[in-house]
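Here's a quick briefing on the sheets, cores and helix packing of one model. Have the viewer open while you read.

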Amino acid sequence: MPQMTGGQALARSLYLEGVRVIFGLPGVQLYHALDGLQGEPGIRFITTRHEQATAYMADGFTRAGGGTGTAMMVPGPGLQNASAAIGTAYAASSPMLVVSGQIERDLIGRDRGILHEVNDQLDTIRPVTKWAKRILDPAEVPEAVHEAFHQLKTGRPRPVEIEIPPETLAEVADVELREPEEYPHPAADPEAVRTGARIMSEAANPLIWAGGGVIYSEAQEALLRVAEHLQAPIITSAEGKGAISDRHPLALGAQRLRNDPIAKDEPHFDAILAVGTRMANPAWLGGQQIVQIDIDPAELGRNYDNTFGIQGDARQTLETLYQSLAQLAPSRESRADEFERLRQQRVETSIRVEPQESITTTIRDVMPDDGILISGMTQIGYYCRAFYPVYEPRTFLTSSYAGNLGYAYPVALGAKVAQPDKAVVAVSGDGGFLFNSQELATAVQYGINAVVIVFNDNAYGNVLRDQVNRFEGRVYGAALHNPDFVKLAEAYGARGVRVEPEKLGPALQEALSIDAPTLIEVPVQAMPTPFE
């Protein structure tokens with residue numbers, strides 16, 4: 001067995017498992033990890049300006065299809081700074097890897113007040129990770145990294161964390177490296193699939209509800225095959241946008257923001273096939289039988305009682321489901337005309353508000369089909385969740401139920417690193433952008449040419465509007481004093497432009513054609529609520 005330091009074992013193990021980019025922020029407990037990475041030229045290290053951004057970028061890298069996004073930071077406050085971003089990845093079922101330092105090995109749990117000490121750090125990160133492991137012996141590094149990737153690539157995709165004290169990274173040991181493994185997607189129980197097929201085949205008017213699990217499993221083709229056989233239209237969650245192209249005749253678009261009557265009122269769907277979704281809004285249903293496919297058994301029937309659950313990988317299960325459906329009955333005749341009327345009815349009955357509608361349409365018109373949009377927690381971002389058409393998977397990223405300010409821009413940077421040849425645009429408000437505006441420096445340093453559109457109303461706009469509307473105009477704590485965003489961008493060496501909303505289209509078109517990080521500031525007034 002070769003001898004190497006724990007840091008060298010870490011770098012080599014990460015490379016063997018396919019890691020090619022690490023977003024990190026160096027610090028004292030990581031010196032030997034960084035030294036190991038210095039000797040592994042196949043891994044690119046991107047230094048961020050805040051630990052939160054390391055994990056946001058890793059999440060964006062993962063969800064944009066770049067492979068396993070990896071974030072590295074010091075222990076204690078470093079990991080705690082990153083925890084909001086790790087929680088976002090947890091909410092969005094994003095399988096990213098977190099590598100954290102630790103304090104000195106013999107002082108863990110002693111409460112001595114050592115630099116960066118948190119007792120117990122593992123307990124602080126477990127609620128937002130699928131699996132977490134502390135490594136104390138350098139010889140154990142390859143096995144721990146291997147297990148981390150087993151956790152990342154099997155079952156429900158969610159973040160995992162490993163943490164390593166500085167002595168473990170520095171010590172030399174005989175190290176047996178592990179080769180990566182292929183992990184087959186688990187097939188569902190055949191009898192459960194046959195039962196689900198009977199339920200859906202007997203339904204006179206079925207509907208399909210597609211979530212992010214479809215995209216993670218790359219189940220788009222299998223989903224479409226089932227939908228076309230059943231002639232069942234597809235509605236998606238925000239995380240499921242791209243599971244079917246919004247141009248397809250069976251696509252009904254995404255669910256509305258607060259109350260979507262699609263499953264309650266006309267046309268009275270009598271059975272719903274839910275794939276890779278938590279079914280988090282059961283109030284939108286009208287008592288139908290649900291057939292729910294999910295890799296996570298804990299999600300089956302969690303939010304809705306009248307559920308027949310099928311545990312399994314979305315793509316594998318849908319492929320088997322299609323075979324069972326084909327044996328039960330031939331494909332149904334096309335209902336394209338009927339569904340087109342339903343699509344138009346949804347458009348006509350949706351409450352479209354301005355200026356969100358015009359701005360969203362402008363962004364979609366400029367973005368290429370494969371361009372990646374990150375919808376921040378801002379008025380335009382909220383609106384995009386429901387009304388921004390999506391044509392390809394992994395081209396629309398949200399913070400899922402985490403709903404946190406500050407994620408959009410660093411997630412966009414990670415997505416751009418994953419897909420450097422695609423247009424990547426973050427939609428942000430002024431308040432949210434300033435959570436991580438320092439990452440303009442990272443974008444410039446590494447040539448990460450994503451575009452951020454900052455809609456500036458000099459307020460936490462949603463809060464301010466709600467205070468005005470619900471508290472007789474009393475506003476408290478929501479108004480902001482902002483910098484000159486154009487000058488801020490230019491101070492970092494990025495492009496900065498300011499345009500009125502009606503000029504956004506040409507400005508975005510130009511930004512996407514220029515090989516430089518760009519901030520587009522769009523001054524706006526308070527906007528009406530998009531949540532009706």
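One open sheet has six strands in the order β11-β10-β9-β12-β13-β14, paired in parallel. Its edges are β11 (251-254) and β14 (307-311), each of which pairs on one side only. From one strand to the next, the twist averages 20°. Keep in mind that this is a predicted model: local features need pLDDT of at least 70, side-chain atom pairs count only at pLDDT 80 or more, and totals for chains, interfaces and linings use all residues. Residues are numbered from 1 along each chain as its sequence is written, and side-chain values use heavy atoms, with hydrogens and water left out.

**Ground rules for the terms**
- Helices (H or I, at least four residues) and strands (E, at least two) are DSSP runs, numbered from the N terminus.
- Two strands count as paired if DSSP finds at least two bridges between them.

**More on that sheet**
- Strand β13 (residues 289-294) runs parallel to β14, and five bridges join the two.
- I293 has I310 in β14 as its bridge partner.
- Helix α10 (residues 220-230) packs on this sheet and touches β9 (206-210), β10 (234-236) and β12 (271-275), where contact means heavy atoms within 4.5 Å.
- The direction of α10 makes about 165° with that of β9; axes are lines fitted to C-alpha atoms (for helices, over the stretch in contact), and angles run from 0 to 180 degrees between N-to-C directions.

**The other six-stranded sheet**
- There is also an open sheet of six strands with the order β16-β15-β17-β18-β20-β19, again with parallel pairing.
- β16 (396-397) and β19 (495-498) are its edge strands, each pairing on one side only.
- Helix α14 (residues 379-387) packs on this sheet, touching β15, β16, β17 and β18, and its direction makes about 120° with that of β15.

**Strand β17 up close**
- Six of the six residues of β17 (residues 424-429) are buried, meaning under 20% relative accessible area, with exposed being over 50% and partly exposed in between (1.4 Å probe, protein chains only).
- Both faces are covered: V424, A426 and S428 are buried on one side, and V425, V427 and G429 on the other.
- Four bridges pair β17 with strand β15 (residues 372-375) in the parallel sense, and I372 stands opposite V424.
- Five bridges pair β17 with strand β18 (residues 451-456), also parallel.
- Along that pairing, A426 stands opposite V452, and S428 has V454 as its bridge partner.

**Nonpolar cores**
- A nonpolar core is a set of buried Ala, Val, Leu, Ile, Met, Phe, Trp, Tyr and Cys residues joined through side-chain atoms within 4.5 Å.
- The largest one has 51 residues, and F23, I86, I374, F433 and L519 touch the most other members.
- Helix α15 (residues 408-418) supplies the largest share of this core, eight residues.
- Setting aside neighbours within four places in sequence, the contacts of F23 include I46, M57, F61, G414 and V417.
- Another core, of 33 residues, lies apart from the largest one and has A203, A232, I293 and L321 among its members.

**Helix on helix**
- Helix α8 (residues 190-202) packs against helix α11 (residues 314-328) at an angle of about 55°, with the axes 9 Å apart.
- That angle makes α8 oblique to α11, because angles under 35 degrees count as roughly parallel, over 145 as roughly antiparallel, 65 to 115 as roughly perpendicular and the rest as oblique.
- Residues making the contact include V193, A197 and M200 of α8 and L321, L325 and L328 of α11.
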